[in-house]
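Dear colleague,

Please find below the structure that I am handing over to you. My notes on it follow the sequence and coordinates.

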Amino acid sequence: MGNNEAGDFRLWQESLRGDGASFGLLFDRHRDRIFRHAYRLAADRTEAEDIMSTAFLELWRCRAKVRLVEGSVLPWLLVTTTNIARNSKRAMFRYRKLLDSLPRFEAASTASDEFVLQKEMDQDAARALGTLNNLDLQLVSLVIFEDYTIAEAAKVLDLTPAAAKTRMHRARQRMKAAWGTFQSAPALEGDRS
């Protein structure tokens, strides 16, 4: 069996022994899923790329503590990506707060209306996800976006399946309530008229 067909466990063991090609294969194998996950959380392509890169950097930096789940690094990467996205969002909030405190100048927009609307929808989804606590965000990410079953996600997050099911139900209710709040925001109503 060549390295391209090897499982995560074998590639990870070889990476720990200093085989950069094996780590590269792990990156190639999981980068697209990690990028999509980061994009769902950040709603911005550039930020998602940064988050994905940081997740793989953290994989290597924390290699002594990484716990494979059923022989795969993917669950660890997904949970780490969620944490990085959350930290990034906090940093962006602080940065935005600083920018908002500065004097404003009117800027001309060159983006199409459709692009702007899609970006608004992506940001609403990211804000709805932002209403969840870290554990619930990780659970939602694994179940809704990565198609893990609730039992599989519970195992990754060290929860019982019943606790995961309850948390998932509550998280969906919070997101639904938050999404409704964003939909009726005055800025969006002004765009329709």
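**Helix packing at the N-terminal end**

Helix 1 and helix 2 lie oblique to each other, in what is a predicted model. Their axes come within 8 Å and cross at roughly 140°, an angle that counts as oblique because only values over 145 degrees are taken as roughly antiparallel. Helix 1, which covers residues 8–16, passes helix 2 in a left-handed crossing. On the side of helix 1, the contact is formed by D8, L11, W12, E14 and S15; helix 2 contributes S22, F23, L25, L26, R29 and H30. Sorted by class, the residues of this contact comprise 5 nonpolar, 3 polar and 3 charged.

Helix 2 (residues 20–42) also packs against helix 3 (residues 45–61). The two axes come within 8 Å and cross at roughly 135°, so this pair is oblique as well. The crossing of helix 2 and helix 3 is right-handed. From helix 2, the residues in contact are F23, L26, F27, H30, R31, I34, F35, A38, Y39 and A42. From helix 3, they are R45, E47, A48, E49, I51, M52, A55, F56, L59 and W60. This contact has 15 nonpolar residues, 1 polar residue and 4 charged residues.

F23, L26 and H30 of helix 2 are found in the contact with helix 1 and also in the contact with helix 3.

**The fold as a whole**

The protein has 9 helices and 0 strands, and along the sequence its pattern reads α-α-α-α-α-α-α-α-α. Of the 193 residues, 38% are buried. If one takes the contacts between residues at least 6 apart in sequence, 63% of them join residues at least 24 apart. The protein exposes about 11900 Å², and carbon and sulfur atoms supply 55% of that area.

**Individual residues within helices**

Which residues outside its own sequence neighbourhood does L59 contact? Once neighbours within four places in sequence are set aside, L59 is in contact with W12, F23, V66, W76 and L77. L59 lies in helix 3 and has a relative accessible area of 0%, so it is buried. L59 and L77 are 18 residues apart along the chain, and their C-alpha atoms are separated by 7.1 Å. Of the contact partners of L59, W12 belongs to the helix 1 side of the contact described above, while F23 belongs to helix 2.

D32 offers a second view of helix 2, in which it lies. Its relative accessible area is 46%, and D32 is therefore partly exposed. The C-alpha atoms of D32 and M52 are separated by 9.0 Å, with their positions 20 residues apart along the chain. M52 is one of the helix 3 residues in contact with helix 2.

Two residues of helix 6 may also interest you. V140 lies in helix 6 and is buried, with a relative accessible area of 1%. Apart from residues up to four places away in sequence, V140 touches L129, L132, F145, M168, A171 and M175. One of these partners, M168, is 28 residues away from V140 in sequence and 6.6 Å away in space, C-alpha to C-alpha. S141 is likewise found in helix 6, which spans residues 134–145. S141 is buried, at a relative accessible area of 1%. With neighbours within four places left aside, the contacts of S141 are H37, L41, T82 and E146.

**Backbone angles in two loops**

Where in the chain does E70 lie, and what is its phi? E70 is found in the loop between helix 3 and helix 4 (74–100). Its phi is positive, at about 50°, although E70 is not a glycine. E70 has a relative accessibility of 64% and so counts as exposed.

D147 lies in the loop between helix 6 and helix 7 (150–156). Phi of D147 is near 60°, which is again a positive value in a residue other than glycine. At 66% relative accessibility, D147 counts as exposed.

With kind regards

Technical notes. Residues numbered from 1 in each chain as written. Predicted model: local features only at pLDDT ≥ 70, side-chain atom pairs only at ≥ 80, totals over all residues. Heavy atoms only, no water. Axes fitted to C-alpha atoms, helices over the stretch in contact; angles between N-to-C directions. Helix = DSSP H or I, 4+ residues; strand = E, 2+ residues; numbered from the N terminus. Parallel < 35°, antiparallel > 145°, perpendicular 65-115°, else oblique. Left-handed = near helix turned anticlockwise from the far one by under 90°. Contact = heavy atoms within 4.5 Å. Nonpolar A, V, L, I, M, F, W, Y, C, P; charged D, E, K, R; others polar. Buried < 20%, exposed > 50% of the residue type's maximum accessible area, 1.4 Å probe, protein only. Areas by Shrake-Rupley, 256 points an atom, 1.4 Å probe, with all protein chains shown as cover.
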